[in-house]
Amino acid sequence: MNAPAPTPLFPKHAFVGILLVCLIALFSSRPLTPQGPPPQFVYTADESTHMISAFVLNPTTGALTLVPGSPFNERLDPYALAVDPAGKFLFVANNSTSDVSVFAINQTSGALTEAPNSPYAGGMGFNPTVLTTDVSGKFLFVGNTYFHNVGGSNGEVDVYSIDPVTGVLTPSPNSLTTFAAIGPSTPVGIFAHPGGKWLYVMGLTLPDEPESDVVEQYTIDPTTGELSGGICGGGCGGGIYNGPEQARSLGATPTGAFLYVGAGKNVGVIETFAVSPVDGSLNQVDVLSLQPPFSNSITVEPSAKFLFSTSGTYSIDPMTGSLTPTPNNSNLISLGPNPQVVDRIGEFLFTGDPDEKSAILNSFQIDTTSGLLTPAPGSPYTTTAVVQAIAVTGSPVVTPAPAANFSPTALSFSSQLVGVPSASQMIQLFNTGTATLNIASIAITGANIGDFSQTNDCAATLTGGAHCMFTVIFTPGDAGSRSAAITVMDNASGSPHSAALTGTGVSDTPMAALTPATFTFAATTVGNSSASQAFNLMNSGTGALAISSIGFTGPNPGDFTQSNTCGSSVPTNMSCTPSHSRRKLLASGPRCSV
């Protein structure tokens, strides 16, 4: 007889439950490590040793430590550096060999690995001096000192598409032909606007003014990266801005609202320009005169409160972009082209040796209240040669948002008769942002809302880069200055957005004047007629002059006759001509009439 099977201490389903409890306890006992931002790296171009020094940035203190394997052999002539917004690739402009090297950046260590087939030959240009990527990281722009077919008269900008996986560069079709983007010679600065539409390159003008500075503006094709505009895009007539001094440096605020131009030969200047969010055009705001040393480099920290240059430290007016010198950081003033670069997501500044003698890299923490720089722990750090250029990885996270801007920013009407409609004027509303603009309402607001009327073709939404048109008519309700505004309520920052409307109303008042005021006829025999003399009747008023009759009064009205071209009215600012003739006299002696 078989013995009964022993009863298990725990049922099967109990083991499953116990196992689940143990697993939960095991994983819950291990705290999850939050994913922080990726590490940042700082790279220097050590031109004379053909090396790239690489450092890991401490995001709290600004201290730097060498990347394993640093320095990295660049082999050629590292003159200028740039990194893409994602921090995946380091681009190196090799000046003497007229090509571009590309290195993949290890996202954990910062170590560099040269991309396949690097370096990449230039297009139609020689001797690159500046380079940058666009905001998307799809395209690389390289400013060259010379253009092949011009023999040194102009520079040229090469355009490359960037393989997002390998970093391999492919030149654009135009970069390989005479349709390349011709630009200023010997570029000293390059800036890709964060809106993704425009590229600015600063350098020297044509050889007839070798000491002048010029800023060229190009429009970026969002699909191909090809550039339009510039010297030949505008008929080879010069740049968007031509200055009187030697070109030295170019910088901008992180949002692209203001552009700064450093120039000077005998007298140094930093020129401030407001950048139109609609078409990228430049409007000069201010010119700050300097004594040597000059602004050989310009960089603006992320909060746009301070500008740093080899000529000093300056506070930035948030409304106008104008600069005010501060007494801070005088130890960084340099007579030479000492590079200065800010961290784009932290408050750190990196510079070479201000005296341009030592192979060092300085790291400073920026006080965002005063602009004062404090050396990071361990600064300065050793490089292999005097630093020619600096690049820092890391880009701020940009949230897509709409932006509303009128162009022009206001409408002004000429003097207009009260109650009479003017000719229409046009104004456009642009969405210069990267998200849809939702329009809630459109209205005429202000002191004299009844004097202005508008029609528009605006839909309820405007996609990024789109615009709509307003047609405005001024019909003054009274004499004097009249004002109002087109006001749009929308979902963009700064709403409501307005465009000012102004005009002057004038009353309908005629003003008559005879010229000359009197005529004296020569003595005429009684019964004979004199030669005629002409008067001019002028209406200099603001309304039509109505004429009910023209005749003679006075003691001798029968001695004079007249004919005229006046009709029943004389329009404003017009005249007509009555003429007088003396007829057969009734008696001798003085005769008169009016």
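In what order do the four strands of the open sheet stand? In this predicted model, the order is β34-β37-β41-β39, and the pairing is antiparallel. The edges of the sheet are taken by β34 (404–407) and β39 (452–456), and each of these has a single partner strand, so one side of each is left without a neighbour in the sheet. From one strand to the next, the twist averages 25°.

A walk through the pairings helps to find one's way in this sheet. Strand β34 is joined to β37 by four bridges, and the two run antiparallel. Here Ala 404 stands opposite Asn 431 in β37. The two faces of β34 differ in their cover: Ala 404 and Phe 406 lie on a covered face, whereas Asn 405 and Ser 407 lie on an uncovered one. Further along the order, strand β37 (residues 425–431) and strand β41 (residues 467–474) run antiparallel, with six bridges between them. One landmark in β41 is Met 469, which has Gln 428 standing opposite.

Another good place to look is strand β43 (residues 497–506), which takes part in several pairings. In a regular strand the side chains alternate between the two faces of the sheet. This pattern can be followed along β43: His 497, Ala 499, Leu 501, Gly 503 and Gly 505 point to one face and are buried, while Ser 498, Ala 500, Thr 502, Thr 504 and Val 506 point to the other and are not. Strand β35 (residues 410–412) runs parallel to β43 and is joined to it by three bridges, with Ala 410 and Ala 500 as bridge partners. Strand β36 (residues 416–417) also pairs with β43 in the parallel sense, over two bridges, and Gln 416 stands opposite Gly 505.

The pairing of β43 with strand β42 (residues 480–490) is antiparallel and holds nine bridges. Within it, Arg 482 stands opposite Gly 503. The hairpin of β42 and β43 has six residues between the strands, and Gly 494 takes a positive phi near 90° there.

What, then, lies in the nonpolar interior? In soluble globular proteins, nonpolar side chains tend to be buried together. The largest nonpolar core in this model has 22 residues, of which Phe 406, Ile 427, Leu 429, Phe 452, Phe 470, Val 472 and Ile 486 touch the most other members. Two or more residues come from each of β34, β37, β38 (437–445), β41, β42 and β43, and β41 gives the most, with four residues. Phe 470 shows how widely a core residue can reach along the sequence: leaving aside neighbours within four places, its contacts include Phe 406, Ile 427, Leu 429, Ile 442 and Ile 486. Among the other contacts of Phe 470 are Gln 425, Gln 454, Thr 455 and Asn 456. A second, separate core of 17 residues includes Ile 52, Val 67, Phe 103 and Ala 391.

Loops also hold buried residues, and Val 387 is a case in point. This residue is placed in the loop between β32 (381–382) and β33 (389–392), and its relative accessible area is 7%, so Val 387 counts as buried. Apart from neighbours within four places in sequence, Val 387 is in contact with Thr 44, Ala 45, Asp 46, Pro 339, Gly 352 and Ile 360. From C-alpha to C-alpha, Val 387 and Asp 353 are 7.4 Å apart in space, with their positions 34 residues apart in sequence.

Where are the charged pairs to be found? The structure holds two salt bridges. In one of them, the side chains of Arg 75 and Glu 114 meet at 2.9 Å, N to O. Arg 75 is in the loop between β4 (72–73) and β5 (78–83), and Glu 114 is in strand β8 (residues 112–114), so that the pair links distant parts of the chain, 39 residues apart. Arg 75 counts as partly exposed, at 43% relative accessibility, and Glu 114 is partly exposed at 26%.

In the other, Asp 451 forms a salt bridge with Arg 482, and the closest N and O atoms are 2.5 Å apart. Asp 451 lies in the loop between β38 and β39 and Arg 482 lies in strand β42, so the pair ties together parts that are 31 residues apart in sequence. Both Asp 451 and Arg 482 are buried.

Definitions and conventions
Residues are numbered from 1 along each chain as its sequence is written. This is a predicted model: local features need pLDDT of at least 70, side-chain atom pairs count only at pLDDT 80 or more; totals for chains, interfaces and linings use all residues. Side-chain values use heavy atoms; hydrogens and water are left out. Two strands pair if DSSP finds at least two bridges between them. Axes are lines fitted to C-alpha atoms, for helices over the stretch in contact, and angles run from 0 to 180 degrees between N-to-C directions. Buried means under 20% relative accessible area, exposed over 50%, partly exposed in between (1.4 Å probe, protein chains only). A nonpolar core is a set of buried Ala, Val, Leu, Ile, Met, Phe, Trp, Tyr and Cys residues joined through side-chain atoms within 4.5 Å. Contact means heavy atoms within 4.5 Å. A salt bridge is a side-chain nitrogen of Lys or Arg within 4 Å of a carboxyl oxygen of Asp or Glu.
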